Amino acid sequence: MIALGAILAVTAATVGLGLYGVRLARTTSDLFVASRAVTPWWNAAAISGEYLSAASFLGIAGLQMKLGSGALWLPVGFTAGYLALLLFVAAPLRRFGAYTISDFAEARLRSPRLRVLAALIVLLIGGFYLVPQLKGAGLTLGETIGAPYWVGVAAVGAVVAGSVASGGMRGITYVQAFQYWLKTFAIALPACLLLMHLGGLPERAALFGHEYPSAPEGGLVVELSEPQPVTFPEATPYVAGGEPAQAAEGERVTLPAGEVRLPAGAAVPVAEGIEPLRGEQWERPVSGARDTSPVFVYSLLIATFLGTMGLPHILVRFYTNPDGPAARRTTVRVLGLLALFYLFPAVYGLLGRALVPELYLTGDTDSVVLRLPEAAWPGLPGEILGALVAAGAFAAFMSTASGLLVSVAGTLSYDLWRRGAGDAGARQGRFRVAAIAGMLGPIGLALVARGLDISVLVGWAFALAASTFCPLLLLGIWWDGLTARGAAAGLLTGATVASGAIFAGLLVGEAHPTVEALLTQPAVLSVPLAFATMVLVSLTDHRGRRAPDAELLALHVPEGLGLGLDEEDAVPAGTSPGRR
Amino acid sequence: MSAPRTPRDEMAEATAHGGLYLRRLVRSQLALSLLALVTFGGIVGSLPLALYLLPGLARIELLGLPLPLLLIVVPLFPFFLALGVLYARRAEALEQAFRELVEPPE
């Protein structure tokens with residue numbers, strides 16, 4: 001009940017603040033411009049607030065519990081992505097003044113068709129990224145009030161779509177900054193208190209030693225709602241559906257629905273799709289296993305390092321910076337804020353393996369963050385901390401999902417549907433319809449994607465972004481030789497190879513470990529291919545248009561000289577890319 | 001007699017000479033970014049391989065955690081931050097130098 005109250009409070013606060021903020025901002029012509037006086041610290045908190053999604057809040061710890069410490073490369077890459085943004089994108093793009101990637105594509109390469117292609121890719125990435133947020137919502141409501149999975153998915157989908165459609169939650173800097181601190185507090189406080197309460201890490205043999213996770217003193221009792229196929233890592237007696245039974249080492253059994261009991265100290269059987277790991281294998285950040293193999297780790301690092309800049313909801317935020325240097329300072333602060341947050345998910349993964357081993361049996365490792373507080377500290381303290389964590393998780397997917405939906409709906413209504421025709425009222429109407437339509441697809445996908453890990457789904461979004469928009473941005477900003485044709489060819493290649501590999505990976509079951517790693521995380525292949533295609537096609541495209549100096553000027557020349565876009569009409573008429 | 005032409009005028013009028021200044025600026029910024037990228041890549045890029053090739057590191061414990069785990073949970077983040085701070089400072093210095101070059105203070 002406490003948890004439900006906390007979730008409702010967070011939801012009400014977010015929606016309420018959003019609507020209130022919009023009313024405040026409506027007095028000025030432009031939300032983004034209106035908030036340009038915001039300091040780098042507020043901006044950085046807002047960027048981090050929108051960025052930290054269900055994948056960071058729930059997914060990292062869940063994947064860590066399932067696969068081992070290899071999952072902890074995710075936060076490394078999630079943070080490093082902002083380093084890439086800082087080094088190559090933040091300041092020049094702020095100076096250029098394009099609000100979205102589709103804007104940038106059209107303004108830099110003068111091709112309306114390229115804008116449409118970019119818009120389609122925005123929808124693809126946005127969809128991939130929305131699904132795991134909704135999955136997180138379904139899990140959280142299930143854990144806290146026992147609602148069926150689809151209820152949480154539909155409820156959060158509806159709330160987010162409704163408030164985006166009504167104009168709330170539109171990139172209000174202060175709301176998103178509040179969300180960052182709420183999330184950090186909600187993940188840090190329980191982690192620290194639980195560690196202090198437990199006096200350190202329990203069950204070290206299962207974490208770092210030679211043991212599998214095992215049933216606690218007094219045995220383990222799990223209530224299964226449906227039959228569950230599992231593998232027993234060690235020979236053990238157990239009781240399923242009231243019948244005593246004996247499992248041999250490595251035996252695969254389908255446990256019937258109902259109560260399952262394991263005696264104290266018995267190694268916990270694992271659900272399908274999970275490999276039973278001893279502590280010493282589990283704690284290795286890189287090993288021979290498929291999902292922690294060097295190929296996979298490098299591919300994941302590339303996807304996250306280069307993919308962050310291509311996520312549709314990220315770049316928009318950089319326009320609340322007044323100029324290029326402020327954009328850099330903001331990004332540096334984001335690095336610090338993310339570093340603070342990412343200290344904590346690993347605590348949940350470690351404690352979860354020790355204290356909530358039944359998640360290996362049910363396969364629901366993604367809910368470890370939600371389950372841990374009550375398992376580690378039974379009674380009121382655990383319940384309160386559990387409520388705090390649930391509220392933080394809700395903040396995570398509400399803020400990310402609404403940021404994404406704003407981008408998706410903007411793309412649908414502006415770039416793809418009637419290309420911005422009609423008056424402001426007609427555009428507003430189309431935006432509303434698009435916000436609702438844009439949520440339907442992800443809701444449907446989230447309902448069928450229950451078995452897929454949140455972090456795996458998010459990894460795909462990053463792989464796609466890294467294989468498409470990353471080369472477009474990097475080459476567009478730093479190379480005057482990029483042509484529209486080259487960019488289009490590269491976008492198509494990257495999108496096709498990355499999504500093709502991901503879908504092939506879903507269809508192909510077993511394969512060589514390296515092949516499987518590449519199909520699950522194709523960035524290490526698809527990113528270089530996309531870059532190479534863009535460069536080669538641009539070089540052979542003799543009729544293509546090279547960027548004149550004036551355009552490079554807009555990207556790179558420092559403020560204060562009267563040469564940039566914001567200052568004087570130094571760029572020939574018609575090239576000014578800002579639109580909103 | 002008109003006032004002496006500064007490089008800023010050359011660029012505002014998009015002359016060949018102005019383009020030269022601009023290219024020099026872009027090249028120096030890109031070189032700085034690539035230097036930072038190589039520093040990042042050298043450390044983050046070699047870590048997975050080092051941990052893969054040296055499984056013995058897991059036997060070393062620090063602060064109650066095996067070394068490989070500790071290495072990926074804690075020190076990389078302050079490193080990113082430090083690299084970011086250094087880069088941003090250098091990039092601003094380059095821009096300041098460019099400002100003084102194209103529009104010499106009176």
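1. Which residue in β5(A) is the bridge partner of Pro229(A)? Thr254(A) takes that place. Keep in mind that this is a predicted model. The notes below begin at this pair of strands and work outward.

2. Start with the strand that holds Pro229(A). Strand β2 of chain A covers residues 228-231, and its side chains alternate. Gln228(A) and Val230(A) point to one face and are buried. Pro229(A) and Thr231(A) point to the other face and are not buried. This fits a general pattern: in a regular strand, side chains alternate between the two faces of the sheet.

3. Now look at the partners of β2(A). On one hand there is strand β5 of chain A, residues 252-255, which pairs with β2(A) in the antiparallel sense over four bridges. On the other there is strand β7 of chain A, residues 270-271, also antiparallel to β2(A), over two bridges. Two bridge pairs link β2(A) to β7(A) by name. Thr231(A) has Val270(A) as its bridge partner. Val230(A) has Ala271(A).

4. Put these strands together and you get an open sheet of three strands, in the order β5-β2-β7 of chain A, with antiparallel pairing. What stands at the edges of this sheet? β5 and β7 of chain A do, each with a single partner strand, so one side of each has no neighbour in the sheet.

5. Arg252(A) deserves a closer look. This residue is found in strand β5 of chain A. Is Arg252(A) buried or exposed? Arg252(A) is exposed, because just 11 other C-beta atoms lie within 10 Å, and a residue counts as exposed at 12 or fewer. Leaving out residues up to four places away in sequence, Arg252(A) touches Pro229(A) and Thr231(A). Both of these sit in β2(A), on the face that is not buried. Val270(A) is 18 residues from Arg252(A) along the chain, and their C-alpha atoms are separated by 9.5 Å.

6. Chain A has another open sheet. Four strands form it, in the order β1-β6-β3-β4, and the pairing is antiparallel. Its edge strands are β1 (220-224) and β4 (243-247) of chain A, each pairing on one side only. On average, neighbouring strands here are turned by 25° against each other, direction ignored. Take one pair as an example. β1(A) and strand β6 of chain A, residues 258-262, are antiparallel over five bridges. Within that pair, Leu224(A) stands opposite Gly258(A) of β6(A).

7. Step back to the domains. Chain A is divided into domain 1 (2-200 + 281-556) and domain 2 (216-267). The C-alpha centres of the two lie 38 Å apart. How many residues of domain 1 of chain A are in contact with domain 2 of chain A? Four residues of domain 1 meet four residues of domain 2. By class, the domain 1 side of this contact has two nonpolar, one polar and one charged residues.

8. Next, a helix pair. Helix α20 (residues 484-507) and helix α21 (residues 513-520) of chain A have axes that come within 7 Å and cross at roughly 125°. α20(A) and α21(A) are therefore oblique to each other. Ala501(A), Ala504(A) and Gly505(A) of α20(A) meet Leu518(A), Leu519(A) and Thr520(A) of α21(A). The residues of this contact are four nonpolar, two polar and no charged.

9. Then the contact between chains. Here 44 residues of chain A are in contact with 45 residues of chain B. Which elements of chain A give two or more residues to this side? They are α5 (73-96), α12 (294-307), α13 (324-341) and α23 (549-556) of chain A. The chain A side divides into 31 nonpolar, seven polar and six charged residues.

10. Finally, check two backbone angles. Arg110(A) has phi near 55°, a positive value in a residue other than glycine. This residue lies in the loop between α6 (101-109) and α7 (112-145) of chain A. Arg110(A) is partly exposed, with 15 other C-beta atoms within 10 Å. In chain B, Leu63(B) also has phi near 55°, again positive and not in a glycine. Its place is the loop between β1 (61-62) and β2 (65-66) of chain B. Leu63(B) is exposed, with 7 other C-beta atoms within 10 Å.

Technical notes: Residues are numbered from 1 along each chain as its sequence is written. Chains are lettered from A and ligands numbered from 1 in the order in which they are written. This is a predicted model: local features need pLDDT of at least 70, side-chain atom pairs count only at pLDDT 80 or more; totals for chains, interfaces and linings use all residues. Axes are lines fitted to C-alpha atoms, for helices over the stretch in contact, and angles run from 0 to 180 degrees between N-to-C directions. Angles under 35 degrees count as roughly parallel, over 145 as roughly antiparallel, 65 to 115 as roughly perpendicular and the rest as oblique. Two residues are in contact if their C-beta atoms, placed from the backbone, lie within 7 Å. Ala, Val, Leu, Ile, Met, Phe, Trp, Tyr, Cys and Pro count as nonpolar, Asp, Glu, Lys and Arg as charged, and the others, Gly among them, as polar. Domain bounds come from an automatic or database domain assignment. A residue is buried if 20 or more other C-beta atoms lie within 10 Å of its own, exposed if 12 or fewer, and partly exposed in between; C-beta atoms are placed from the backbone. Two strands pair if DSSP finds at least two bridges between them.
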